[in-house]
Amino acid sequence: MRMNFQPVPGLLAQLPLLRAQADGPIVHLQLARPDKRNAINDELVAQIHTAFVNLPAQARVAIVSGEGEHFCAGLDLSELNERDVGEGIEHSRRWHAAFEQVQFGRVPVIAVLHGAVVGGGLELAASAHLRVAEPSAFYALPEGQRGIFVGGGGSARIPRLVGVSTMTDMMLTGRVLDAHEGHSAGLSHYLVEAGAGLRHAMQLARKVATNAPLSNFAVMHALPRIADMAQGDGLFVESLMSAIAQGDDAAKQRVRDFLEKRAAKVGVA
Ligand code: 1HE
């Protein structure tokens with residue numbers, strides 16, 4: 001599959017720690033701080049926020065990856081000692097704001113994971129909608145060892161992927177999950193060959209980009225909220241969301257295409 005990424009012009013071109021490229025409707029944002037293993041400092045978290053708020057109008061899917069040997073080494077620990085308690089809360093809230101834009105922004109996000117996916121790096125990965133891992137990926141939450149706690153949404157998002165029990169083990173014991181263990185635990189959706197992560201993410205992104213926009217919106221915004229609701233409330237919201245999606249012209253056209261034998265059958269590419 002050919003990939004033809006071109007630099008994204010405008011505001012996203014002015015983010016030195018985040019390389020923004022686009023191939024049609026697919027935007028690839030690459031953490032570009034490899035000398036520090038893509039550790040997230042204040043500047044990078046602000047740039048992640050800025051990028052997701054200002055995705056180009058044509059963007060339908062975003063891919064996030066890391067330059068160099070690792071996806072992301074988490075919080076930049078060199079900035080940690082400079083903060084008092086109040087500043088610590090503000091810092092965590094800035095991460096929340098940035099990763100909120102990843103999870104509940106405009107487009108589905110696919111993370112490509114390799115090497116270290118640790119601490120805040122795992123929190124970033126957990127904010128994405130799909131995760132593609134290469135065999136070099138390893139997952140850890142070294143916050144316990146560093147005397148801190150997760151602060152980038154990890155305690156809310158990671159248990160929803162692996163359960164409180166596995167996250168407790170990772171945090172209390174410093175347990176590192178390799179790519180296979182992480183995959184079995186639910187941290188990745190796809191485990192692919194070394195070096196194949198971005199290509200695989202592109203294949204997925206192209207499929208996701210062809211969905212009706214309101215379907216993708218419902219999956220991103222309604223599904224996780226409904227899953228958090230009491231069943232009765234969730235069913236009510238589901239009815240509203242499904243009626244909104246069905247009422248859209250894109251849905252009507254797709255159903256007509258199927259009934260008139262123009263659309264692919266399930267399982268047939
Ligand atoms: C860093 C960081 C960092 C690397 N902050 N500078 N995260 C951690 O506890 C993970 C800490 N990092 C590591 O365990 C290792 O660096 C890795 C396993 C990720 C990679 O190992 P390696 O051998 O490839 O690289 P390295 O030689 O350890 O690091 C290269 C440089 O990156 C080095 O700096 P240099 O100036 O000596 O070249 C490292 O100091 C630097 N570096 N990781 C700062 N994390 C919202 S709350 C989230 C809470 C957390 O994320 S806690 C977990 C923090």
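**Reading helix packing, a small sheet and a core**

Mentor: Let's start with helix α9 (residues 231-247) and helix α10 (residues 249-259), which pack at an angle of about 70° with their axes 4 Å apart. That makes α9 roughly perpendicular to α10 (the term covers 65 to 115 degrees). This is a predicted model, where local features need pLDDT of at least 70 and side-chain atom pairs count only at pLDDT 80 or more, while totals for chains, interfaces and linings use all residues. Residues are numbered from 1 along each chain, and side-chain values use heavy atoms, without hydrogens and water.

Trainee: Which residues of α9 and α10 make the contact?

Mentor: Contact means heavy atoms within 4.5 Å. Here Ala-245, Gln-246 and Gly-247 of α9 meet Asp-249, Ala-251 and Lys-252 of α10.

Trainee: Which strands stand at the edges of the open sheet?

Mentor: Two strands pair if DSSP finds at least two bridges between them. The sheet has three strands in the order β6-β8-β9, with mixed pairing. β6 (116-118) and β9 (177-178) are at the edges with a single partner strand each, so one side of each has no neighbour in the sheet. β6 and β8 (residues 138-140) run parallel, joined by three bridges, and Val-117 has Tyr-139 as its bridge partner in β8. Helix α3 (residues 120-127) lies across β6 and β8, at about 85° to β6.

Trainee: Which residues touch the most other members of the largest nonpolar core?

Mentor: A nonpolar core joins buried (under 20% relative accessible area) Ala, Val, Leu, Ile, Met, Phe, Trp, Tyr and Cys residues through side-chain atoms within 4.5 Å. Among its 50 residues, those are Leu-29, Ile-40, Ile-48, Phe-52, Leu-113, Leu-124 and Tyr-139.

Key:
Axes fitted to C-alpha atoms, helices over the stretch in contact; angles between N-to-C directions. Helix = DSSP H or I, 4+ residues; strand = E, 2+ residues; numbered from the N terminus. Parallel < 35°, antiparallel > 145°, perpendicular 65-115°, else oblique. Buried < 20%, exposed > 50% of the residue type's maximum accessible area, 1.4 Å probe, protein only.
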